[in-house]
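Got the model open in your viewer? Switch to a cartoon view and keep the selection box handy, and we'll walk through it stop by stop.

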Amino acid sequence: MLRIFITVLVVMISAGCSGKQQFEVIYSSDNKLLEEEQEKEQHGSYTIGIVSKISGISYYHAVREGVQEAADDLGVEVIIDAPIDATWEGQEKIIEEMISNGVDVLAISANDPEKLGPVLQNAKEKGIRVITWDSDTNPELREFYINMLDPEILGRHLMDSLALRTNESGNYIILTGSETSANLNDWIKWIKVQNEEYYPNLHLLETIATDENYEKAYTSSVQMIEKYPDLAGILAISTLNPPAAAEAVKSLNKNGEIVIIGTTTPNLIKEDIKDGTVDVNTLWSPQKLGYLTVSLGKDLCEDILPYDGQVIPDVGIIKVNEEMIIMGLPIDFTKENIDQYDF
């Protein structure tokens, strides 16, 4: 790399008995500039491997945007990948490849909190730092977990959204992604707690795992609507479940009869919100989550751990609760504001 040196010429003039002038030339570099460039070179040597749950969906692409933006801003290398299907086996193969490539940090959004244990333990034994984001593993397998938001706040909020739009009574179902997904299971736990504590006339009938598969989500929604003619609501969590549930409601001419609360990207549900099929969609910024993951991963390479109240450029203030980092608060997308978002 071409380094720019600022040359300071100091001329020391002294007069001797002979009357001749003597010159001494001293060269010095701008230390601050040199240190900054050396630091940039050092950061560029870090490689962070990001493993998502599933590829090919809008959420993955949005996270990828944030990951790449952070890599460009922070001067690190990133490898981001995900299996075609939301399986731990697919993630295991990707992690093994990243270990072979010698990444410095592995950041995993786990499809199964336990089954990835052996491959992550192997990574740790090879000196690779392991963290999780979006969906956690067992705590002993990683150093910390980057959560989009507090799962209690989100779970209770989703239940409140459903209750508000069903007059706090009726039967509902939950469509979830993978039944082993730690983050989704945390949300469901708090949905149930809020239901039990505040809404005795709302009854959860079934929780169906659709494995992040649109066709399965659509078929399951149709089956549940036909099985329960008086169904009042669907809590459709995970990326593909809300639009699939919306299509099922439309195909059975149940628009306006069944309340759908979703958690997907705005672009995937925009038309369903505008036509009233989906009442509200709650999410966060996947781009910011990707950016935050790379930022904290780079810090970890330098043995810098996150702390409560830390300000992350282009993300905001994070909270730290023991080994869980919380990025922020949920965003509700409705008819009034959904056109403001494009991801």
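What follows is a tour of a predicted model, moving from the whole chain to a sheet, a helix, a buried leucine and some charged pairs.

**The whole chain**

Start with everything shown as cartoon. You should have 10 helices and 17 strands on screen. The protein has 343 residues, and 50% of them count as buried. Now for how the chain folds back on itself: among contacts between residues at least 6 apart in sequence, 71% join residues at least 24 apart.

**Stop one: the six-stranded sheet**

Select strands E8 to E12 plus E17. These six strands make an open sheet, and reading across it the order is E9-E8-E10-E11-E12-E17, with mixed pairing. At the edges sit E9 and E17 (331-333), each of which pairs on one side only. Turn the sheet and look along it: the twist averages 20 degrees from one strand to the next.

Zoom in on E10 and E11 next. E11 covers residues 259-263, and these two strands run parallel, paired over five bridges. To find your bearings, click Ile-234, which stands opposite Ile-260 in E11.

**Stop two: helix H7 on the sheet**

Keep the sheet visible and add residues 214-227. This is helix H7, which packs on the sheet and touches E8, E9 and E10. Its direction makes about 145 degrees with that of E9. H7 has 14 residues and reaches 20 Å from its first C-alpha to its last, close to the 20 Å expected at 1.5 Å a residue.

Which residues of H7 are buried? Show side chains for Ala-217, Ser-220, Ser-221, Val-222, Met-224 and Ile-225. Several of the spacings you'll see along a helix have a simple background: an α-helix has 3.6 residues a turn, so residues three or four places apart point the same way. The buried residues of H7 pack against strands E8 (170-176), E9 (202-209) and E10 (231-237), and also against helix H8 (241-251).

Pick out Ser-221, which is in H7. Ser-221 counts as buried because its relative accessible area is 0%. Leaving aside residues up to four places away in sequence, Ser-221 touches Leu-175, Ala-244, Ala-245 and Ala-248.

Now slide to the N-terminal end of H7 and select Asn-213. Asn-213 caps that end, with a side-chain oxygen 3.1 Å from the backbone nitrogen of Glu-215. While you're in this part of the sequence, add Asp-211 and Lys-216: they form a salt bridge, the closest N and O atoms being 2.7 Å apart. Asp-211 is partly exposed at 37% relative accessibility, and Lys-216 is partly exposed at 35%.

**Stop three: Leu-289**

Jump to helix H10, residues 286-301, and select Leu-289 within it. Buried or exposed? Leu-289 is buried, because its relative accessibility is 0%. Show what surrounds it: not counting residues up to four places away in sequence, Leu-289 touches Tyr-59, Trp-133, Asp-134, Ile-146, Met-148, Trp-284 and Met-327.

Add Arg-64 too. Arg-64 and Leu-289 are 225 residues apart along the chain, yet their C-alpha atoms are separated by 9.6 Å.

**Stop four: the charged pairs**

Finish with the salt bridges, of which the count comes to 12. Begin with Asp-136 and Arg-142, whose side chains meet at 2.7 Å, N to O. Are these two partners buried or exposed? Asp-136 counts as buried because its relative accessibility is 10%, and Arg-142 counts as buried at 10% as well.

Then select Glu-197 and Arg-156, which meet in a salt bridge at 3.0 Å, N to O. This pair links distant parts of the chain: Glu-197 is in helix H6 (residues 182-198) and Arg-156 is in helix H5 (residues 151-165), 41 residues apart. Glu-197 is partly exposed, with a relative accessible area of 46%, whereas Arg-156 counts as buried at 17%.

For the last selection, show Arg-129, Glu-143 and Asp-303 together: they are linked in a network of salt bridges.

Notes: Residues numbered from 1 in each chain as written. Predicted model: local features only at pLDDT ≥ 70, side-chain atom pairs only at ≥ 80, totals over all residues. Heavy atoms only, no water. Helix = DSSP H or I, 4+ residues; strand = E, 2+ residues; numbered from the N terminus. Buried < 20%, exposed > 50% of the residue type's maximum accessible area, 1.4 Å probe, protein only. Contact = heavy atoms within 4.5 Å. Expected span 1.5 Å × (residues − 1). Polar contact = N/O pair within 3.5 Å; in protein donor to acceptor, adjacent residues only side chain to side chain. Pairing = 2+ DSSP bridges. Axes fitted to C-alpha atoms, helices over the stretch in contact; angles between N-to-C directions. Salt bridge = Lys/Arg side-chain N within 4 Å of Asp/Glu carboxyl O.
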